[in-house]
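Biologist: I should be grateful for a close look at one part of this model, its largest nonpolar core. Please set it in the context of the whole fold.

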Amino acid sequence: MPDFVRVQWKVKPGVVFKNAPERKIPEKADIYIDIKSGFAYLPGLEKFLLSKNLKTAPFVPNNVYDADCVVLVPSGVEVLGSAEVFRISEDKALLWNFLKERFKGRL
């Protein structure tokens with residue numbers, strides 16, 4: 001059996017491991033919004049949330065999202081990670097009630 005303590009593991013810059021999973025970690029934000037989902041009220045909502053000091057960022061598929069954030073996506077979109085997911089629809093009242101409950105004191 002080789003003595004792994006004595007082996008020097010050197011990886012050259014630019015080496016890509018083919019078996020490594022490609023899970024991207026998104027920039028840190030309170031709310032990730034799928035702006036491309038086509039709901040007309042989302043750009044205005046994003047501006048409002050920014051005015052209330054809630055950091056927003058675009059939702060990117062295949063990123064892994066932490067448990068301390070909220071992801072707003074339409075039905076049928078898969079979200080990786082343990083984030084709190086809200087399925088957006090044309091009904092803005094449901095979304096507003098969810099955001100008021102989730103961000104009490106900040107909205």
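Biologist: Of the contacts in the protein with a separation of 6 or more, what percentage is due to residues 24 or more positions apart?

Modeller: The figure is 55%, where a contact means heavy atoms within 4.5 Å. The model is predicted, so local features need pLDDT of at least 70 and side-chain atom pairs pLDDT 80 or more, while totals for chains, interfaces and linings use all residues. Residues are numbered from 1 along each chain as its sequence is written, and side-chain values use heavy atoms, without hydrogens or water.

The protein has 2 helices and 6 strands (DSSP runs of H or I, at least four residues, and of E, at least two, numbered from the N terminus). Their order along the sequence is β-α-β-β-β-β-β-α. Of the 107 residues, 31% are buried (under 20% relative accessible area, 1.4 Å probe, protein chains only).

The largest nonpolar core (buried Ala, Val, Leu, Ile, Met, Phe, Trp, Tyr and Cys joined through side-chain atoms within 4.5 Å) has 16 residues. Ile 31, Leu 72, Ile 88, Leu 95 and Leu 99 touch the most other members. At least two residues of this core come from each of β1 (31-33), α1 (42-51), β4 (70-73) and α2 (92-102). Beyond its neighbours within four places in sequence, Ile 31 contacts Leu 49, Leu 54, Lys 55, Thr 56, Ala 57, Val 70, Leu 72, Leu 99 and Phe 103. Apart from this core lies another, of 10 residues, including Tyr 65, Cys 69, Val 71 and Ala 83.

Notes
Buried means under 20% relative accessible area, exposed over 50%, partly exposed in between (1.4 Å probe, protein chains only).
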